[in-house]
Amino acid sequence: MDLDVFVSAHRAEWDRLDDLLRRKRRLTGAEADELVTLYQRTATHLSLIRSSAPDPRLTGRLTTLVARARSTVTGTRRASWRDVAGFLLQGFPAAVYRTRHWWVPTALVSTALAAVLGWWIGTHPEVQASIAAPEELRQLTRPGGEYETYYSSHPAAAFAAQVWTNNAQAAAMCLVLGVFLGLPVLWILFQNMLNLGVGIGLMSSAGRLDTFLGLVLPHGLLELTAVFVAAGTGMRLGWTLVDPGPRSRRTALADEGRAAVGMAIGLALVLFVSGALEGFVTPSPLPTWARIGIGVAAELAFLTYVHVLGGRAVRAGVTGDIAPDGRSATVPTAA
């Protein structure tokens, strides 16, 4: 293709399209139709130039022109409060509900692991001795010791913000690192359960397990549930690479990855609530039964939210992914 001849033949159309795009006033019906026609032609011209006679300057100009025209023709979509409501009432709970076959077993196995570790540490003095010196263990577990003062060592608001940040980072790491076949997620889970097991074992050996549970359960139920959801979703994302189903691996990973990003936002909100509980309820002077009751109520509220709203949304076809008009087109894959 003679590029100079091609440019001379079509420059007037490109200039006309640029002129229409620069118009400040509303286009007439005839001008709008002309803009659509010129947009389609220019997109075709760009494709021809890229395949036959790629010229960096001309390709750059036409790429920008086509992008501006596409934005004008298709319109730009702005997020609204309706989108936020749709995400909270359908998208997020649907995504959590869809992955329940991953995060529920993850929660059960992880809780059992923490209990076994706690029993092992609590019944084996030699294991406790390998963790810290006897005097240090007494400082941790005594009344008014470090396990108790940890939750009231900083102003409640600052402590809640710090806890939320740390937990949100852990949840995000589970979601992101799941793409590596889920192996890093297992390590993050083990570290969390090991820390919990150490606390259970040391406080039970000191005869103060009830105190420890009274400090952990008010916020820990919701906090650990969010971590389990993130871990289960991360492992599901990793398994998608192994078994993408009828989709190509690229398409399957893109679909599940977008849903995982949305879940990260939703779980950040859940962890904000658990952080507030940890900052304001756990160290409060409320009786133990009241603090645990608040934690149980928050946990039941979240599970009901996922089961009711999430189940309803999934049955309606919601997956937690973005709307179809916001996705890239994909080629169908045979089952």
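Helix axes that meet at angles under 35 degrees count as roughly parallel. In this predicted model, the cut-off finds a ready use in helix H11 (residues 209-242) and helix H13 (residues 288-315), whose axes come within 8 Å and cross at roughly 10°. H11 and H13 are therefore roughly parallel to each other. On the H11 side, the contact is made by Leu213, Gly214, Leu215, Leu217, Pro218, Leu221, Leu222 and Thr225. Their counterparts on H13 are Thr288, Arg291, Ile292, Gly295, Val296, Ala298, Glu299 and Phe302.

Another pairing involves helix H5 (residues 100-122) and helix H10 (residues 183-205), with axes that come within 7 Å and a crossing angle of roughly 40°. That angle makes H5 oblique to H10, and the crossing is right-handed. H5 contributes Thr106, Ser110, Thr111, Leu113, Ala114, Leu117, Gly118, Ile121 and Gly122 to the contact. These residues meet a set in H10 that includes Leu189, Phe190, Met193, Leu194, Gly197, Gly201 and Ser205.

Towards the start of the chain, H1 packs with helix H3 (residues 56-74) at an angle of about 35°, and the two axes lie 11 Å apart. Here the crossing is left-handed. Among the H1 residues in this contact are Leu3, Val7, Trp14, Asp15 and Arg22, and H3 meets them with residues including Leu58, Arg61, Leu65, Arg68 and Thr72.

H1 also takes part in a salt bridge, and the structure holds 9 of these. In this one, the side chains of glutamate 13 and arginine 41 meet at 2.8 Å, N to O. Because glutamate 13 lies in helix H1 (residues 3-22) and arginine 41 in helix H2 (residues 29-52), the pair ties together parts that are 28 residues apart in sequence.

Turning to the surface, a nonpolar patch is formed by Trp81, Val84, Leu88, Leu89 and Leu269, which together have about 530 Å² of accessible area. Helix H4 (residues 81-98) supplies the largest share of this patch, with 4 residues. Leucine 89, one of the patch residues, lies in helix H4.

Methods. Residues numbered from 1 in each chain as written. Predicted model: local features only at pLDDT ≥ 70, side-chain atom pairs only at ≥ 80, totals over all residues. Heavy atoms only, no water. Patch = residues over 30% accessible without salt bridge, like charges linked within 9 Å, V, L, I, M, F, W, Y side chains within 5 Å. Areas by Shrake-Rupley, 256 points an atom, 1.4 Å probe, with all protein chains shown as cover. Salt bridge = Lys/Arg side-chain N within 4 Å of Asp/Glu carboxyl O. Helix = DSSP H or I, 4+ residues; strand = E, 2+ residues; numbered from the N terminus. Axes fitted to C-alpha atoms, helices over the stretch in contact; angles between N-to-C directions. Parallel < 35°, antiparallel > 145°, perpendicular 65-115°, else oblique. Left-handed = near helix turned anticlockwise from the far one by under 90°. Contact = heavy atoms within 4.5 Å.
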